[in-house]
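Please open the model in your viewer and keep the selection panel at hand. The stops below say what to select next and what is found there.

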Amino acid sequence: MGVLPMAAATLTKGKRRRRSNFGQDNLVGYLFISPWLIAFFLFTFIPISVSLILSFTDYNVLANSGDFIGLDNFQRMFFEDRRYWRSVNATVKYVVFSVPLRLVFALAVAMLLNTYRRGVGVYRAAFYAPSIIGGSIAVAVMWREIFGNDGLVNFTLNLLGIEGPNWLGRPETAIWTLIILAAWQFGSPMLIFLAGLKNIPKHLYESAEIDGANSLQRFLRITLPMLTPIIFFNLIMQLISGFMVFTQAFIVTQGRPLDTTLFYALYVYRRAFEQNEMGYASAMAWVMLMVIALLTAFVFRSSSYWVHYEADEGS
Amino acid sequence: MAGIEAQAPAGLSAPRVIRPALPWYQRPMARTIFYHAAVGVTCFFMLYPIMWLVGSSFKPPDEIWTNQTAIIPKEFYPQNYPNGWAGFGGISFTTFYRNSLFYATLGTILSVSASSVVAYGFARVRFRGRRIWFAVMLVTLMLPTQVQIIPQYIVFKQLGWLNTFYPLLLPRIGGSAFFIFMIIQFIRSIPVDLDEAAMIDGASKFGIFLRVILPQLTPAIITAAIFSFYWTWDEFLVPLIYLNSPELYLVSLALRTFSDPSGQTDWGAIFAMSALSLLPVFVIFISFQRYLVEGISTTGLKG
């Protein structure tokens with residue numbers, strides 16, 4: 001199930017027995033995958049390689065010129081650019097809070113919906129609805145108004161006699177409006193958890209009940225271990241998308257105040273397309289790529305300690 | 001269960017499970033009511049912002065601020081919609097919707113048709129290096145856009161393609177890794193017997209694809225097309241970089257300019273256009289919900 005287990009299986013199945021030659025046809029095979037292969041080289045592989053080269057230059061797109069400057073971009077990024085560290089800080093804070101919140105909500109709601117009562121389909125659609133429009137500008141515009149100075153949240157607080165803060169204007173609160181926005185959109189991990197919950201064999205719960213396990217024990221000893229492959233998959237997907245968050249911050253807070261919501265992707269965009277410093281922006285993008293790769297590798301490595309695979313699954 | 005056990009004939013040697021009568025709040029009926037109350041209320045809060053947006057788009061200007069929490073306006077004021085539709089700088093939302101529809105439709109056709117051809121190659125043809133390319137394709141799912149977009153921009157700018165749709169559409173000729181993966185999974189569930197029968201009849205791989213596989217791919221293609229359409233509809237970063245003149249704006253870009261707090265103060269119109277931009281997505285979501293849920297839960301597609 002899912003992209004990652006497939007990837008893992010593909011990578012580890014290297015020494016499989018030789019298949020017969022049925023259907024073996026190199027020319028036809030490459031002909032069929034050629035659209036993807038061509039697009040991969042033109043729009044992914046070559047650009048990424050060029051991006052690496054650019055990161056060692058001070059290329060400016062307006063002047064269309066750039067000189068090789070060695071590691072200066074990285075030197076500047078790590079030791080001189082204080083905004084860079086503020087953007088790293090904002091991104092890490094966002095990921096650390098929004099990803100676990102999202103996954104906890106997703107799992108909790110999935111467990112609520114894992115029943116055969118009437119009306120569950122409607123609830124499932126309702127819980128998924130915020131996610132389907134999640135990336136849209138309309139939702140970001142709406143959010144900006146909800147947390148605005150005289151927006152919906154402060155209006156409601158006022159009715160209760162509380163004077164609400166300026167959510168978007170204060171460094172302590174602005175990032176939380178974006179974290180809440182992310183937590184609100186837990187639909188996709190929820191659907192994936194739901195499919196996973198349906199796959200847990202019923203007899204496990206039945207025998208646990210006979211043994212006198214209470215519902216907390218059943219959750220900790222059966223549900224959680226059986227779900228670990230899915231938690232693993234959701235964790236990786238949410239981490240990656242969390243690090244790339246852009247639109248919401250671009251519209252709701254514009255990186256303000258005091259750069260507390262200047263997420264990494266937003267800062268790369270500003271450097272590349274507002275200040276035209278494409279060399280420097282490429283260096284930043286490459287650091288992001290390396291961090292995501294390392295983090296993914298780390299989660300993959302750690303998975304052998306906490307991800308539970310059924311023993312007879314590989315048959 | 002308890003009822004059946006109670007009616008079992010007396011004198012059986014098997015030990016009888018005797019359950020004490022449940023307190024009222026644990027009886028099935030009560031539990032069902034609790035369940036619907038709890039989940040229903042949570043649902044209401046989840047959907048409240050969306051309903052609030054739609055409600056506010058029908059409120060007259062003064063009511064937006066004085067009757068803020070209400071979902072149903074006191075005075076029904078549809079005038080916000082024509083006001084908003086007029087757009088900005090002499091360009092109405094007719095242009096933006098036309099652009100978005102053009103881009104989302106053409107982009108979807110390109111990306112889904114290419115994806116199904118490529119998926120067939122991966123799923124049904126054995127060739128040297130297949131496993132490696134498949135792994136490479138999965139890895140591309142994790143690449144941040146930022147590492148690809150800067151060199152792409154430089155090249156497209158040199159070609160003079162800024163303010164055209166080429167930079168947005170061309171990268172789609174290879175399909176999308178997500179859809180390729182999804183369709184591969186689908187093709188693998190189709191029995192190979194038909195392929196083999198067609199092959200014995202002398203059909204080529206291409207003939208098998210056209211006449212045997214493609215007709216059976218409809219559900220997978222519909223799912224991919226829906227996702228593709230609504231991701232394209234919501235796309236923001238790439239159009240933001242390449243489309244700078246307002247006549248080419250997509251709805252997403254137009255909405256951003258239209259709602260700029262420094263320029264626009266007609267919040268009713270902003271809400272109206274925001275709510276309207278969600279409409280196509282919701283219509284598709286409601287009519288094809290089954291396909292969407294299936295697509296996400298079987299392949300782990302992001303939503």
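Begin by selecting helix 2 of chain A together with helix 6 of chain B, and look at how the former passes the latter, which is in a left-handed crossing. In this predicted model, the axes of helix 2 of chain A and helix 6 of chain B, the latter covering residues 130-140, come within 12 Å and cross at roughly 40 degrees. Because an angle of this kind is neither under 35 degrees nor within the 65 to 115 range, helix 2 of chain A and helix 6 of chain B count as oblique to each other.

Next, show the side chains at this crossing. From helix 2 of chain A, the contact is made by A:Gly29, A:Ile33, A:Trp36, A:Phe40 and A:Thr44, and helix 6 of chain B contributes B:Arg130, B:Trp133, B:Met137 and B:Thr140. Colouring these residues by character gives five nonpolar, three polar and one charged in the contact of the two helices.

Now widen the selection to the whole contact between the chains, which takes 79 residues from chain A and 76 residues from chain B. On the side of chain A that touches chain B, the largest share comes from helix 2 of chain A (residues 26-54), which supplies 18 residues. How many residues on this side of chain A are nonpolar, polar and charged? The side of chain A that touches chain B divides into 56 nonpolar residues, 19 polar residues and four charged residues.

Step back to chain A by itself. A cartoon view of chain A shows 14 helices and zero strands, so that, by the assignment used here, the elements read from the N terminus as an unbroken series of α. The C-alpha trace of chain A spans about 75 × 70 × 35 Å along its principal axes. Of the 315 residues in chain A, 40% are buried, and among the contacts in chain A between residues at least 6 apart in sequence, 71% join residues at least 24 apart.

Two loop residues of chain A deserve a separate selection for their backbone angles. Most residues other than glycine have a negative phi. Select A:Leu258, in the loop between helix 12 (247-253) and helix 13 (264-274) of chain A, where phi is near 50 degrees, a positive value in a residue other than glycine. Is A:Leu258 buried or exposed? A:Leu258 counts as exposed, because 11 C-beta neighbours lie inside 10 Å and the cut-off for this class is 12 or fewer.

Move on to A:Asn276, which sits in the loop between helix 13 and helix 14 (278-306) of chain A. The phi of A:Asn276 is near 60 degrees, again a positive value in a residue other than glycine. A:Asn276 is partly exposed, because 15 other C-beta atoms lie within 10 Å, a count that falls between the limits for exposed and buried, 12 or fewer and 20 or more.

Finish with chain B, which has 16 helices and zero strands. Colour chain B by its domain assignment, which gives domain 1 (19-84) and domain 2 (88-258), and place a distance between the C-alpha centres of domain 1 of chain B and domain 2 of chain B, which lie 37 Å apart. Of the 303 residues of chain B, 40% count as buried, and residues 24 or more positions apart account for 71% of the contacts in chain B with a separation of 6 or more.

Notes. Residues are numbered from 1 along each chain as its sequence is written. Chains are lettered from A and ligands numbered from 1 in the order in which they are written. This is a predicted model: local features need pLDDT of at least 70, side-chain atom pairs count only at pLDDT 80 or more; totals for chains, interfaces and linings use all residues. Two residues are in contact if their C-beta atoms, placed from the backbone, lie within 7 Å. Helices (H or I, at least four residues) and strands (E, at least two) are DSSP runs, numbered from the N terminus. Ala, Val, Leu, Ile, Met, Phe, Trp, Tyr, Cys and Pro count as nonpolar, Asp, Glu, Lys and Arg as charged, and the others, Gly among them, as polar. Axes are lines fitted to C-alpha atoms, for helices over the stretch in contact, and angles run from 0 to 180 degrees between N-to-C directions. Angles under 35 degrees count as roughly parallel, over 145 as roughly antiparallel, 65 to 115 as roughly perpendicular and the rest as oblique. A crossing is left-handed if the near helix is turned anticlockwise from the far one by less than a right angle, and right-handed if clockwise. Domain bounds come from an automatic or database domain assignment.
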